[in-house]
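Here is a short report on selected local features of one chain. The sequence and structure come first.

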Amino acid sequence: MPAADPAQIWIRIQDALRQDVADATYELWLAPLRAAGYEGDVLRVEAPGAIRGWVADRFADTLDRAAVAVLGPNARIEIAGDGEQRAVTGRSRGGRGSCEPPATPLPPGAVREELNPRFTFEQFILGDGNRFAHAAALTVSELPTQTYNPLFLYGPPGVGKTHLLHSIGNYVRAFGGGPTVRCTTAEAFTNAFLGALHGGDVDRFKERFRGVDVLLIDDVQFLQSKARTEEEFFHTFNALHDAGSQLVLTSDRLPGDLAALEDRLRERFESGLVADIQPPDLATRMTVLRKRVHHDGVEIEDDALRVIAERIDTNMRALEGALIRIVAYHSLTGRAIDAELAREVLAGLYPGARGPRRASVPSVDRIQDATCEQFGISRDELLSAGRSQRLVWPRQVAMYLAREHTSSSLPAIGQAFGGRNHTTVLHACRRAAQRLAADPDASAVVRTLSERIHADRLD
């Protein structure tokens, strides 16, 4: 009977898996699996011995979500290999929630709101770049609404914002005495709100958000330029704040740098504590890698871990991604994981890198110097209040490049340009962007300037 054919069922589950994971992840870890049998609600699949344990540990809930989506709520998957069977089921293991959407569709107005149980304060790796944000998050967890409300965590991707957000939710649920906690992303909030609008169920949507004790919203920068969603979130924020509920928000930039967001919403975000998280230093990256390999039971020489930590200094996800690639290469080739293997694998992943990377962004000072050289003006002229076109355009270009190529906030850039405010910087950036879009000659000049800045940085 076709419905009971394991191969056909597995093809359908594979389609669901491809929707749930990145292409590279699927090809590396899930494509080698083969259907071996189907009985009741259990699909048995075979995995090569070299990757079986890793797949079972890392993709338990991914496989189960796909099985549930295809076969129904009681479905699960078992992995067979070397004559053994190992159940892979997130339900039996306690689950691995996240702010990512589940595989099953949600009705209009519903909100995806899962907490990842692995993201706790105990599992968070402390370093100089995240100590303040960690302390603030822990304080909010212990005393919701009594300390920092809202708490706004910001930093570049992959530095631990989502981990801290979920840690707060998990702590409050475990030790808070029963308050309601809701966690979602700004993107999921937007999609759910639009679904509620189209489905005529806005009142129910509002009830779900405005009746909680702790609201956790990830990646609020995605609210920008979504007028109706901004309006709804503004009223939700006010309703919760007035009712004494705790709000925690994360973003990849400061509230003041969310230029496309309404002023009144930015002001709400700035009304509590704003805490930044910086990229991890070398010691923190080494600690993260050691903890990861210990958790996964993989034997790796410390010299190999150091190669990874020195080569990848941007974020935790890139760090763990590089580790996974090296472990996969070891599993498929049988080579020992040493410094030589790490260098070889990472050379393919980052072909331009040679040893520890230099600072990932140029400085504002360097951009100002390069701009002055390009346009033949002095630094004093660039920073002056002069309004001639000879000076205005280079100044706009320098501010634009500072915003595009550094991690400095708009207020910080303004200070570097003679104490100007962030509104002036934002206006300059917009004018520069408009001219670059309409003037090919100006675009060519700025492109050359950008290349010079980055070339100088790598010298």
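The model is predicted. Start with Arg-285. Its contacts, leaving out residues up to four places away in sequence, are Pro-280, Ala-309, Glu-310, Ile-312, Asp-313 and Leu-319. Arg-285 sits in helix α11, which covers residues 282–296. Is Arg-285 buried or exposed? Its relative accessibility is 9%, so Arg-285 counts as buried, the cut-off for that class being under 20%.

Next, helix α4. This helix takes in residues 60–71, 12 in number. The expected span at 1.5 Å a residue is 16 Å, and the end C-alpha atoms lie 16 Å apart, so the two values agree. The helix is mostly covered, with 9 of the 12 residues buried. Among them are the aspartates Asp-61 and Asp-64, along with Thr-62. Ala-60, Leu-63, Ala-66, Ala-67, Val-68 and Val-70 are also buried. Just after α4 comes Gly-72, with a positive phi of about 120 degrees.

Then the strands. β1 and β2 run antiparallel and are joined by 5 bridges. Across the pair, Tyr-38 stands opposite Leu-43 of β2. The two strands form a hairpin, with 2 residues between them. Gly-40 lies in that turn and has a positive phi of about 65 degrees.

The table sets out the two glycines.

| Residue | Place | Phi |
|---|---|---|
| Gly-40 | turn between β1 and β2 | about 65 degrees |
| Gly-72 | just after α4 | about 120 degrees |

Notes
Residues numbered from 1 in each chain as written. Predicted model: local features only at pLDDT ≥ 70, side-chain atom pairs only at ≥ 80, totals over all residues. Heavy atoms only, no water. Pairing = 2+ DSSP bridges. Helix = DSSP H or I, 4+ residues; strand = E, 2+ residues; numbered from the N terminus. Expected span 1.5 Å × (residues − 1). Buried < 20%, exposed > 50% of the residue type's maximum accessible area, 1.4 Å probe, protein only. Contact = heavy atoms within 4.5 Å.
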